[in-house]
Amino acid sequence: MDLKRPIQVTQSFMPPLSDVVSFLEGVWERVYLTNNGPLLLELEKRLAEKNNVHEIVSVLNGTIAIELALQALGVQGEVITTPFTFPATSTAICRTGGRPVFVDIDSRTWNIDPVAVEAAITPETQAILAVHVFSRPCDVVRLQEIADKYRLKLIYDAAHANFIQTNGRSIFDWGDCSTTSFHATKLYHTVEGGACFSPNPDTTAKIRQLRFFGYDADKNLTDIGTNAKMTEVSAAVGLANLKYLDIILAKRRALYELYREQLSGCPDLTFQQFDPEEYNYSYFPVLFKDEEQLLNVNAALNAEQIYPRRYFWPLLSDMPAFANAKILGDLHIAKNVSSRILCLPLYPDLGEEDCQKISDLVQAIC
Ligand SMILES: *Cc1c(COP(=O)(O)O)cnc(C)c1O
């Protein structure tokens, strides 16, 4: 009997338990579990340093991070966004009183297409919500020009894009606000968790207030906030994981490059275009010739208990929950990419031999 575990698209990084326990001992001694405890403050400080930003606001998860960003910036009308993402990007728009307007993506980067964004602007438009898909930075300069020209808020769902610089600055420094996720399945995690970043201190202060029910610094309730605080237990896991960050990043990049090398003889495959220094290798997305080829590869891998994931399919514009969204144009690039894309397993504990085996199975078909 094969006792090997199935290989999923990703596997959470587990720091040595003793590392977590040593942080937790302090929590037990202090009997202080949440509300800006010392571990949380330490984690926020370290993550700001690692991301090269002045300040971060940790929150419960990456979904509520987007909701808080939208609320803090007062966005309620039409929000131009991408259909090629995880649903949370647009559920956040709807839950804060806005309406998603889906536009097409760029065929090489798979990020929102600035030309399509500009074409979708109406008097109802209030914001652009872009996603740095698989950590590939959006065209941040062009999007900022559009946002400035039409006086729109610009928000980035940077859930994939931790620890990246683009155009000489932290990726989180672009736009009015960026959000990220520290979910267990992401590159870096706090079990559940997320954060908001804004270059504007007023926005940062507002998000802090909204995270804490809506209380202002004088403990007056002046806003309809929520409870989105990260706990000391999550911060303990986050601090433990931080110790291994450089190893995690290096292993992912090495595996990504190994895959590319192994698959270099497959003429049918194409890959995301990116600058190697502006990418964190958190996913290994592959574009197949067509959906049929993708399904054949998926079946061959599943037969070996290997489970890649169709990120992102279906498109948000095809999900019943977003039936009231506006759709601009035929989204033909997004439809095409979404139907042919598969993320192959990639995580620090994936063995080189697993990577090789997966590549061989793909290569037999493509
Ligand atoms: C994971 C993810 C989210 C949601 O983050 P959670 O922490 O799971 O709530 C949002 N957007 C994108 C693009 C994601 O990949």
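In the predicted model, strand E3, which spans residues 78–81, runs parallel to strand E5, formed by residues 125–131, and the two are joined by four bridges. Within this pairing, isoleucine 80 of E3 has isoleucine 128 as its bridge partner in E5. Strand E3 is also joined by four bridges to strand E4, made up of residues 99–102, and these two strands likewise run parallel. Here the bridge partner of threonine 81 is phenylalanine 102, a residue of E4.

The side chains of strand E3 were examined next. Glu78 and Ile80 point one way from the strand, whereas Val79 and Thr81 point the other way, and all of these residues are buried. With regard to the connection between strands, E3 and E4 form, together with helix H4 (residues 88–95), a β-α-β unit that is right-handed.

The surroundings of the ligand were considered separately. The ligand is surrounded by 14 residues, of which Gly62, Thr63, Asp157, Ser181 and Lys186 are the closest. In the side chain of aspartate 157, an N or O atom lies 2.7 Å from a nitrogen atom of the ligand, while in the side chain of histidine 160 an N or O atom is found 2.8 Å from an oxygen atom of the ligand. For lysine 186, the distance between a polar side-chain atom and an oxygen atom of the ligand is 3.2 Å. On its own, the ligand has 380 Å² of accessible area, and the protein covers 92% of this area.

Key:
Residues numbered from 1 in each chain as written. Predicted model: local features only at pLDDT ≥ 70, side-chain atom pairs only at ≥ 80, totals over all residues. Heavy atoms only, no water. Buried < 20%, exposed > 50% of the residue type's maximum accessible area, 1.4 Å probe, protein only. Pairing = 2+ DSSP bridges. Right-handed = clockwise from strand over helix to strand, strands pointing away. Near = heavy atom within 4 Å. Polar contact = N/O pair within 3.5 Å; in protein donor to acceptor, adjacent residues only side chain to side chain. Areas by Shrake-Rupley, 256 points an atom, 1.4 Å probe, with all protein chains shown as cover.
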